[in-house]
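The following report describes pockets and helix contacts in one protein model. Please read it with the sequence and the structure at hand.

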Amino acid sequence: MSENDFLEMARNNQKKAFDIIRKLKIYENWEVIGAKVNLIGSLKTGVLMKHLDIDFHVYTTDLKIEDSFKAIGGIACNKGVMKVIYMNLLDHKDACLEWHMFYQDDDGREWQIDMIHIVKGSYYDGYFEKVADRINQCATDGQKERILRLKYETPETFQIPGIEYCQAVLQEDVKSFNELLEWRKNKPMKDIIEWLPE
């Protein structure tokens with residue numbers, strides 16, 4: 001694959017992701033219950049590649065489970081939504097409801113849409129928005145291209161969180177997939193990676 005083809009693939013996937021957001025009316029359905037919806041993750045930072053995922057953090061001052069179900073119901077009734085997984089973590093540090101929606105696009109590709117409904121003012125309120133903003137401020141075009149290439153070169157059998165690619169390139173100047181694997185060997189793994197670019 002040439003450099004232009006590689007970057008075109010990334011651009012097409014990112015364009016498709018925004019089309020899906022509009023088609024499913026994700027913002028509109030959450031705003032019906034008075035929620036604030038923030039795009040985060042690889043789509044926000046422009047490094048969405050092969051793993052077709054779209055990430056949102058959603059906030060309400062008074063988190064009502066029935067309101068969350070109402071918003072998700074409005075999204076899930078759209079054609080193409082195949083499955084929805086729900087997790088109640090309100091009694092955990094996360095203080096959230098996790099919604100993992102699986103959507104099949106017109107080309108038959110499966111997308112995972114994560115919508116995390118968070119209690120406003122809780123531990124992770126605004127944290128991952130700050131991470132995405134810092135990546136956009138700090139990463140050069142060349143570094144973002146390197147992140148995309150590393151994601152492209154990662155075999156389908158590997159499950160590597162997107163934030164690790166950013167940390168590896170921006171903090172450790174990792175340049176190849178082999179270097180990425182070596183770096184990961186010595187890196188302590190956490191359920192949620194708390195890292196902010198300097």
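## Pockets and helix packing

The second largest pocket holds about 160 Å³ of space, in a model that is predicted. Its lining is made up of L7, A10, R11, Q14, T45, G46, D141, K144, E145 and L148, and the elements that contribute two or more residues to this lining are α1 (3-24) and α6. By residue class, the lining of the second largest pocket divides into three nonpolar, three polar and four charged residues.

The largest pocket contains about 1,500 Å³ of space. It is lined by 49 residues, of which D53, D55, D114, P161 and G162 lie nearest its centre. Helix α3 (41-45), strands β2 (53-60), β4 (96-104) and β5 (110-119), and helices α5 (127-138) and α7 each supply at least two residues of this lining, with α7 giving the most, namely five residues. The lining of the largest pocket comprises 25 nonpolar, ten polar and 14 charged residues.

The two pockets can be set side by side as follows.

| Pocket | Volume | Nonpolar lining residues | Polar lining residues | Charged lining residues |
|---|---|---|---|---|
| Largest pocket | about 1,500 Å³ | 25 residues | ten residues | 14 residues |
| Second largest pocket | about 160 Å³ | three residues | three residues | four residues |

Helix α7 also takes part in the helix packing described next. Helix α6 (residues 141-153) packs against helix α7 (residues 162-172) at an angle of about 130 degrees, with the two axes 10 Å apart. Because angles of 65 to 115 degrees count as roughly perpendicular and those over 145 as roughly antiparallel, this angle makes α6 oblique to α7. The crossing of these two helices is right-handed. On the α6 side the contact is formed by Q143, R146, I147, L150 and K151, and on the α7 side by G162, Y165, C166, V169 and L170. Together, the residues of the contact of α6 with α7 divide into six nonpolar, two polar and two charged.

The axes of α7 and helix α8 (residues 177-185) come within 11 Å and cross at roughly 95 degrees, which means that α7 is roughly perpendicular to α8. In this contact, E164, Y165, Q167, A168 and E172 of α7 meet L180, W183 and R184 of α8, and the residues involved divide into four nonpolar, one polar and three charged. Y165 thus appears in the contact of α7 with α6 and also in the contact of α7 with α8, while G162 belongs to the contact with α6 and is one of the residues nearest the centre of the largest pocket.

A last point concerns K16, a residue of helix α1. Leaving aside residues up to four places away in sequence, K16 touches D105, D106, R109 and W111. By contrast, K16 and L97, which are 81 residues apart in sequence, are 26 Å apart in space from C-alpha to C-alpha.

Key: Residues are numbered from 1 along each chain as its sequence is written. This is a predicted model: local features need pLDDT of at least 70, side-chain atom pairs count only at pLDDT 80 or more; totals for chains, interfaces and linings use all residues. Side-chain values use heavy atoms; hydrogens and water are left out. Axes are lines fitted to C-alpha atoms, for helices over the stretch in contact, and angles run from 0 to 180 degrees between N-to-C directions. Helices (H or I, at least four residues) and strands (E, at least two) are DSSP runs, numbered from the N terminus. Angles under 35 degrees count as roughly parallel, over 145 as roughly antiparallel, 65 to 115 as roughly perpendicular and the rest as oblique. A crossing is left-handed if the near helix is turned anticlockwise from the far one by less than a right angle, and right-handed if clockwise. Contact means heavy atoms within 4.5 Å. Ala, Val, Leu, Ile, Met, Phe, Trp, Tyr, Cys and Pro count as nonpolar, Asp, Glu, Lys and Arg as charged, and the others, Gly among them, as polar. On a 1 Å grid over the protein atoms alone, a cavity is a set of points where a 1.4 Å probe fits but cannot get out, and a pocket is an open set with protein on both sides within 12 Å along at least five of seven lines; lining residues have an atom within 4 Å of a point. Grid points are joined across faces, edges and corners, and a volume is the space filled by probe spheres set on the points.
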